[in-house]
Amino acid sequence: MALRRLDLTFPPLQATKPITYHLVKDFGLTPNILRAQIQPGQQGRMLVEVTGAKAAIDKGIRFLEHEGVLVGAAASDIVLDEEQCVTCGLCTSVCRPEALTLTDDTRELRFDKDQCVYCEACVIACPRRAITLEF
Amino acid sequence: MGEGLFCCLEVRNMSKSWDEINERIAAGEAVVVTAEEFAVIAQEDGVSSAAAKVDVVTTGTFGPMCSSGAFLNFGHADPPLRMSEILLNDVPASGGWAAVDTYLGGTEWSRGRGMEYGGAHVIEDLLAGKAIRLQARSPGTDCYPRLEIDTWVTLEDLNQAYLFNPRNAYQNYAVAVNSSDRTLYTYMGSLLPHLGNATFCSAGALSPLLNDPEYRTIGVGTRCFVAGAPGYVAWQGTQHNPNQERDGNGVPVAPAGTLAVIADLKQASPEYFSAATFAGYGVSSFVGIGIPIPVLDEDLAAQLALTDADITATIFDYGVGHRSRPSLGRVSYAELYSGEIEVEGERVRTGPISSTETARRIADEVKRWVSEGRWTLVEPLEPLPGAGGPSFKPLEIKTEEAI
Ligand code: SF4
Ligand code: SF4
């Protein structure tokens, strides 16, 4: 079993629901949508974690591309604005994967993007609106 | 013989007067350290020797303090008006003062953007030097004939602008958890269901009132760093509660004393005043407060030497929607800052709301002000109510008939 995090860009007229349906039904993949930004008639973005056999994932990606979806490796779409951050540390209490932590000695905010699962909890919790997810 | 005994007691229980300490500050000889530095000295050399060596200990805190705001005076327009309905960048300010005076409360929401922009954001923008739109309406009277005004003002344009924060620098606070099955959006941040996290809000061993837990040196008239400006303790803060339960060191184990503080907004800095929006709750202000404490004697020194391991806070379940929430035990600030505590047998991830990094900078800044002789210390003109004084009362809901 393999896991890939994909950043999908949909053309304005592509419906997203059948696509995840096909990934499950035709390729035996388990898609886990981390974040979606889809509005009717507009280009959409979806951050999805796909689990399944490696060959099946590759086939699934080819299917998506055939359907007109742009498939990229998920980029680091989360941005911490240090100018706005007041190092209060509140975000660290909601970040389950511990991507956001305070350093032991100086108690400054440390952000390890590799651990982030784009759950958005910190974006909501931050009282300074210092963290944004950008598509 | 008698004299010898007296001498002996003196050595064992050193004490210094305010005047002695101020003379040393004036002469540039005072030894001034932060509360964290003092704890290290006391651990290495013992409390007695630390008390003898150090004259002043500085403290600091930087956390959300909802009860904050500013008095502003705009000056008169021509023809003049008596501003009775006032908007600053679309945020309502009080019109219940003299013609061109107002009080802008930090937690007020803007009409158009709701909690995303509020009174605290207006104050932050003023501090950043930005122009603020002032719209006001007046009933129109003989002495104030003008009916409305729509103009722009900067902090510099204002005659007086001073922070007057009715409740700052809470002496200790709660640790918040949530046992319910949905996320709660509170002034303590997002509280995840089923004890999913714990948040806390105090500078712990650096916090002003936790270093002088019995209000021996902090009272009305005490010099106080407020948002970067030199200010004063004006009064006891609202909801000041000296009768909170205390530990063996005399330190409260839950929210207790508070301070009302005043300072010139024109001398404040956006570095130490930051607007905040707590999702689903509203607007607040991070305010930096710092207070120098004279090391008067060994009893006070022992309290100044306490560390995060010695100071505790009580865990409250915010999942219970009543005024008195059940306590789920007590933890030390050292445990809270370790990132994880145990509540009801479960490991719970913790996160602060108060910035230690900024609190340390404030304690350092106050240290510099005192060391450079910019500040001498003032004995309180009047003490804050101490234990045994009036407690914080709840609001009972009464009908007119019952009165
Ligand atoms: S909650 Fe926001 S302001 Fe506080 S430390 Fe995290 S990013 Fe910084
Ligand atoms: S989005 Fe979620 S996982 Fe990523 S940093 Fe924020 S809280 Fe942590």
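This passage describes the fold of chain A, the largest pocket, and two residues of chain B in a predicted model.

Chain A contains three helices and eight strands. Their order along the sequence is β-α-β-β-α-β-β-β-β-α-β. The pattern thus begins with a strand and ends with a strand. The C-alpha trace of chain A extends over about 50 × 35 × 20 Å along its principal axes. The chain has 135 residues, and 45% of them are buried. When contacts in chain A are restricted to residues at least 6 apart in sequence, 66% of these contacts link residues at least 24 apart.

The surface of chain A was also examined. The exposed area of this chain is about 7,300 Å², of which 50% comes from carbon and sulfur atoms. Among its side chains, 15 are positive and 18 are negative. The centres of these two charge sets in chain A are separated by 7 Å.

The largest pocket has a volume of about 1,000 Å³. Two elements of chain B each give two or more residues to the lining of this pocket, namely β3 (61–64) and β12 (161–168). The greatest contribution comes from β3(B), which supplies three residues. In total, 36 residues line the largest pocket. Those nearest its centre are B:Tyr170, B:Tyr173, B:Tyr187, B:Gln239 and B:Pro255.

Two residues of chain B were considered individually. B:Thr107 is located in the loop that joins β7 (101–105) to β8 (109–110) of chain B. The relative accessible area of B:Thr107 is 36%, and the residue is therefore classed as partly exposed, since this class covers values between the 20% limit for buried and the 50% limit for exposed residues. Leaving aside residues up to four places away in sequence, B:Thr107 is in contact with B:Cys66 and B:Val283. From B:Thr107 to B:Asn159 the separation is 52 residues in sequence, and the C-alpha atoms of the two lie 23 Å apart.

B:Glu124 belongs to helix α5 of chain B, which comprises residues 119–127. With a relative accessibility of 16%, B:Glu124 is counted as buried, because the cut-off for that class is under 20%. Contacts of B:Glu124, again without residues up to four places away in sequence, involve both chains. On chain A the partner is A:Arg128, while on chain B the partners are B:Phe273, B:Ser274 and B:Ala275.

Notes: Residues numbered from 1 in each chain as written. Chains lettered and ligands numbered in written order. Predicted model: local features only at pLDDT ≥ 70, side-chain atom pairs only at ≥ 80, totals over all residues. Heavy atoms only, no water. Helix = DSSP H or I, 4+ residues; strand = E, 2+ residues; numbered from the N terminus. Buried < 20%, exposed > 50% of the residue type's maximum accessible area, 1.4 Å probe, protein only. Contact = heavy atoms within 4.5 Å. Areas by Shrake-Rupley, 256 points an atom, 1.4 Å probe, with all protein chains shown as cover. Lys, Arg positive; Asp, Glu negative; His and termini not counted. Charge placed at Lys NZ, Arg CZ, Asp CG, Glu CD. 1 Å grid on protein atoms, 1.4 Å probe; cavity = no way out; pocket = protein on both sides within 12 Å on 5 of 7 lines; lining within 4 Å. Points joined across faces, edges and corners; volume = space filled by probe spheres on them.
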